[in-house]
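This report looks at a ligand site and at a strand pairing in the same chain. Please keep the sequence and the structure in view while reading.

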Amino acid sequence: MSKAQDTMLYLNGVSVAFDGFKAINNLSIIVGPAEMLAIIGPNGAGKTTMMDIITGKTRPDAGDVLFDGRTDLTRLDEAAIANLGIGRKFQKPTVFESHTVWDNLELALKKPRGIFPTLFYAADAPDTARIAAILDQVRLSHRRHELAANLSHGQKQWLEIGMLLAQDPKLLLVDEPVAGMTDSETEETAKLLRDIAGTRSVVVVEHDMSFVRELGSRVVCLAEGAVLAEGSLDQVSANPLVIERYLGR
Amino acid sequence: MLTQALFRALDRKAIWLIGIFLAVAILVPMANLLIPPGQFGHVPTYLVSLLGKYLSYAILALALDLVWGYCGILSLGHGAFFALGGYAMGMYLMRQIGSRGVYGNPVLPDFMVFLNWRDLPWYWLGFDNFWFAMAMVLFVPGLLAFLFGFFAFRSRVTGVYLSIMTQAMTFALLLAFFRNDMGFGGNNGLTDFKDILGGPIQAQTTRAALFAATAIALALSVLVCSGIVNSKLGKVMIAVRDAESRTRFLGYRVEYVKLFAFTVSAIMAGIAGALYVPQVGIINPGEFDPANSIEIVIWTALGGRGTLVGPIIGAIVVNLGKSWFTTTLPELWLFALGALFVCSTLFLPKGIVGLWHQVFGRRQKPIGAAPTQSSDIEKGEDAASLSGNPQPKPAE
Ligand SMILES: Nc1ncnc2c1ncn2[C@@H]1O[C@H](COP(=O)(O)OP(=O)(O)OP(=O)(O)O)[C@@H](O)[C@H]1O
Ligand SMILES: [Mg+2]
């Protein structure tokens, strides 16, 4: 277990099968505190499934999943894991469409989640300031009173990133954040994620190689549920296996 | 904290609704008691009780809307909570009969004497006290809903499966209450009431007072529901309705949110039942009929779920229709009800309230907007479209 100490996320020998199909196969990945890790890999490689396992949506058949060097995530449910400080952005942006942009952020804001604190919650000045700051950061200030349903795809992505920020997590799992964004928006997102990674751990899954390059982080390439290659983007993309199984396609 | 919550509860719409029902609570009894029969403006006593019955149905529909319209739990068993509240009230009223029953037994209700019972069963003890009975009106439906919800929501039973379970619950209670040895009067239920709080139950003043109590209870229900749905918890409920698993990943315990809404709603339904029984003069197992629970869903759907005023309008309008039909064309009522439901599902997905907003061009309040999203993480969880749920669903 000594290897797990001082890590933010520690996956060791994790496997999961769906009806006999091994979606994750003996996967081991480590993310340190305030480290950013980019994950690439072909469709169906198991990237999203890996996030499902970390966030408690899917239970692994085998392996260790530890958070912050000690907490066994395989024993906890989604809400408990979220409250530990793990935030997730979904591959398909999922925001609360019949709520306003502001309310989406208010719901995500790190606050007691119990029934009665929620029932009697009233936003105080620091809360409003925090939400306003996040709105600025994700450039949705001008749409704060609109229903989330009326946002464009890219704006929903931003809103979901904003919700992640509001949650103030220690570990962020970000699944394909720039799908549907323009080039300049993509650049902004990379910058934002780099800023966040200054203080927290971030795992980003993305197919967009120029975006991954901008992140400038360590890269892991997954294929068939296991690590195919690992290192800097240049090292990974020069790897013949990666070229054959992913980039060359 | 509480004052803030109260302030939030009293938004403009709620103030209007509460104001209307408080005014009705005063005006209708006055028109009944102060204006002599035959003069313009007099409201006959039978009409007072009929209106009181409608208002108790309105409380029931509002209760259903809290779980269905706001939290996405389609309960097809809310009639059970209503009936349990009604039985608790009925038990109090039975004990008030005293020795005036046919058999003249000072303690035992007639049906127990008829069954040759010697003693009052333990669960009838205390019901001679009004306040104990009223506590049971809240406690029994609340406890049943809490236990049912605790197991159902913790096991993540959702959609049609949950609806079927609620239906099975009310059906099981129907069968149980039909049995004579349950001690609730079997088939005949509880009736022939004499007094309530010392006043003769048939008296004009009692009827007027019961009506006023119902209208005030409806106003209070609006206040409570408005307080809940306008709070952050209300937003969480809507989040659960629209994207349950997303809400979990934000760290909310969805099962507790649902349990809270379900229990509060069941208590409201119990209160509605307790107000209903003295005004109609009888409670029998027929109130547990699954068809009754489905009717509540129709009122709410027709009025407009996810709004506070919608279910109230729906309950009153449908029951006015029912009263009219059952006196003029009784055999057609069920067909009319079915047609109403089909039409409202097809043409009025947001109910009468939605139509109002459409016609008068005002955008519906975001909070009541029907969900249009169905995300990939929700797949398989939302079987609402199978359960006659009028919300629009995008193709997947
Ligand atoms: N709940 C599930 N039941 C059955 N099969 C599943 C389930 N979840 C994922 N899979 C399968 O596991 C494999 C990995 O899927 P996953 O979504 O993790 O891939 P991915 O790497 O995220 O791909 P993409 O780049 O397309 O998003 C796929 O073949 C998928 O069909
Ligand atoms: Mg994926």
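How do the residues of the shell around ligand 1 divide into nonpolar, polar and charged?

## The shell around ligand 1

In this predicted model, the shell around ligand 1 divides into five nonpolar, seven polar and two charged residues. There are 14 residues around the ligand, and those that come nearest are A:Asn43, A:Lys47, A:Thr48, A:Thr49 and A:His207.

Helix 1 of chain A contributes three residues, which is the largest share of the shell.

## Polar contacts and cover

Among the polar contacts of ligand 1, one involves a side chain: an N or O atom in the side chain of A:Asn43 lies 2.8 Å from an oxygen atom of the ligand. Backbone atoms take part as well, since a polar backbone atom of A:Gly44 is 2.9 Å from an oxygen atom of ligand 1, and a polar backbone atom of A:Ala45 is 3.2 Å from an oxygen atom of ligand 1.

Taken on its own, ligand 1 has 630 Å² of accessible area, of which the protein covers 63%. Two or more residues of the shell are given by each of strand 2 and helix 1 (47-54) of chain A.

## The hairpin of strands 1 and 2

Strand 2 of chain A, with residues 21-31, pairs in the antiparallel sense with strand 1 of chain A, with residues 9-18, and the pairing runs over seven bridges. Within this pairing, A:Ala17 stands opposite A:Lys22, which belongs to strand 2 of chain A.

The hairpin that these strands of chain A form has two residues between the strands, and A:Asp19 takes a positive phi near 50 degrees there.

Key: Residues are numbered from 1 along each chain as its sequence is written. Chains are lettered from A and ligands numbered from 1 in the order in which they are written. This is a predicted model: local features need pLDDT of at least 70, side-chain atom pairs count only at pLDDT 80 or more; totals for chains, interfaces and linings use all residues. Side-chain values use heavy atoms; hydrogens and water are left out. Two strands pair if DSSP finds at least two bridges between them. Helices (H or I, at least four residues) and strands (E, at least two) are DSSP runs, numbered from the N terminus. A residue is near a molecule or strand if one of its heavy atoms lies within 4 Å of it. A polar contact is a pair of N or O atoms within 3.5 Å; within protein, one must be able to donate a hydrogen and the other to accept it, and residues adjacent in sequence count only if both atoms are side-chain atoms. Accessible areas come from the Shrake-Rupley method with a 1.4 Å probe; for residues, only the protein chains shown count as cover. Ala, Val, Leu, Ile, Met, Phe, Trp, Tyr, Cys and Pro count as nonpolar, Asp, Glu, Lys and Arg as charged, and the others, Gly among them, as polar.
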